[in-house]
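Me: Please take a close look at one position in this model, and then describe the elements around it in the fold. I would like the cut-offs stated wherever a term depends on them.

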Amino acid sequence: MRPSKRAPDELRKVTLERGVARYAEGSCLVTFGETRVLCTASLEERGPSWLRGSGKGWITAEYAMLPRATHERNRREVNAGKPSGRTQEIQRLIGRSLRAVVNLPAIGERQIVIDCDVLQADGGTRTASITGAWVALHECFTWMRGRSIISVDPMRDHVAAVSCGIHKGTPILDLDYAEDSAAETDANFVITGTGGIVEVQGTAEVTPFSEEEFLGLLRLAKSGVAQLVALQKQAVG
């Protein structure tokens, strides 16, 4: 039995609440169990200088964990002078995941900045961020179309993410912190609504995992992402 009493293939309770930030063009409060992340999408009329004249827009992301999102207070990274390596990795992952399902030329030479702020962390903050960020971005595009800033929907597909792992010899879906900190294998899967794989991050924490075990985790992840995509559709429907 898992610490959370869930079945091996069972997600934590997931909620996606959009329109929670009054001033942002798009926003979503996403919860995966006790993990809570506020995702906002902000439109900037100018894109990166290196894209000037290309006719193509850009989507980038910033990620941060609030000081008391964890058991002990963490120092704000702004006071350290630069983001940590972990933060930079997660920011880039969120940006890549969203760009994979967006028609960037349809945005025009504009940039959309996705901010993912972790209010409370209990494992899976990066996967929750990607899943909620898609809803915030969708809301931003709806806002832009409603004001005739763009004429077509740039969103080509859904994208969501979920963690899988091997805990006490059992493949499990959507690890919370208790499982993540003790798992023999830990992996994050970013998958589109049509089943395309955007990115896989997998690590053997104790012993190497086999190809068969990896494929079993992939099957779990696809099942989990299908459920998350269904929740995204409900949230924006």
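Reply: Serine 148 lies in the loop between helix 3 and strand 6, the strand that covers residues 159–167; helices (H or I, at least four residues) and strands (E, at least two) are DSSP runs, numbered from the N terminus. The model is predicted, so local features need a pLDDT of at least 70, side-chain atom pairs count only at pLDDT 80 or more, and totals for chains, interfaces and linings use all residues. Residues are numbered from 1 along each chain as its sequence is written, and side-chain values use heavy atoms, with hydrogens and water left out.

What makes serine 148 worth a look is its backbone: although serine 148 is not a glycine, its phi is positive, at about 60 degrees. Serine 148 has a relative accessibility of 64% and therefore counts as exposed (over 50%, with buried under 20% and partly exposed in between, for a 1.4 Å probe and protein chains only).

Lysine 5, in the segment before strand 1, likewise has a positive phi without being a glycine, here of about 70 degrees. With a relative accessible area of 63%, lysine 5 is exposed. A third positive phi, of about 95 degrees, belongs to glycine 195, which sits in the turn of a hairpin that strand 8 and strand 9 form with four residues between them. Those two strands, strand 8 and strand 9, pair in the antiparallel sense over seven bridges (pairing requires at least two DSSP bridges), and in that ladder aspartate 186 has threonine 203 of strand 9 standing opposite.

To place helix 3, one needs the sheet on which it packs. Five strands make up an open sheet, in the order 1-2-3-5-4 and with mixed pairing. Strand 1 (14–18) and strand 4 (58–65) stand at its edges, each with a single partner strand, so one side of each is left without a neighbour in the sheet. From one strand to the next, the twist averages 15 degrees, where axes are lines fitted to C-alpha atoms, for helices over the stretch in contact, and angles run from 0 to 180 degrees between N-to-C directions.

Within this sheet, strand 2 (residues 26–32) and strand 3 (residues 35–44) run antiparallel and are joined by seven bridges. Looking at one position in that pairing, glycine 26 stands opposite alanine 41, a residue of strand 3.

Helix 3, which spans residues 125–146, packs on the sheet and touches strand 1, strand 2, strand 3, strand 4 and strand 5 (111–120), contact being heavy atoms within 4.5 Å. The direction of helix 3 makes about 35 degrees with that of strand 3. Helix 5, which spans residues 211–236, also packs on the sheet; helix 5 touches strand 1 and strand 2, and its direction makes about 25 degrees with that of strand 1.

Taken together, the setting of serine 148 can be described in this way: its loop runs between helix 3 and strand 6, and helix 3 itself packs on the five-stranded sheet. At serine 148 itself, an exposed residue has a positive phi although it is not a glycine.
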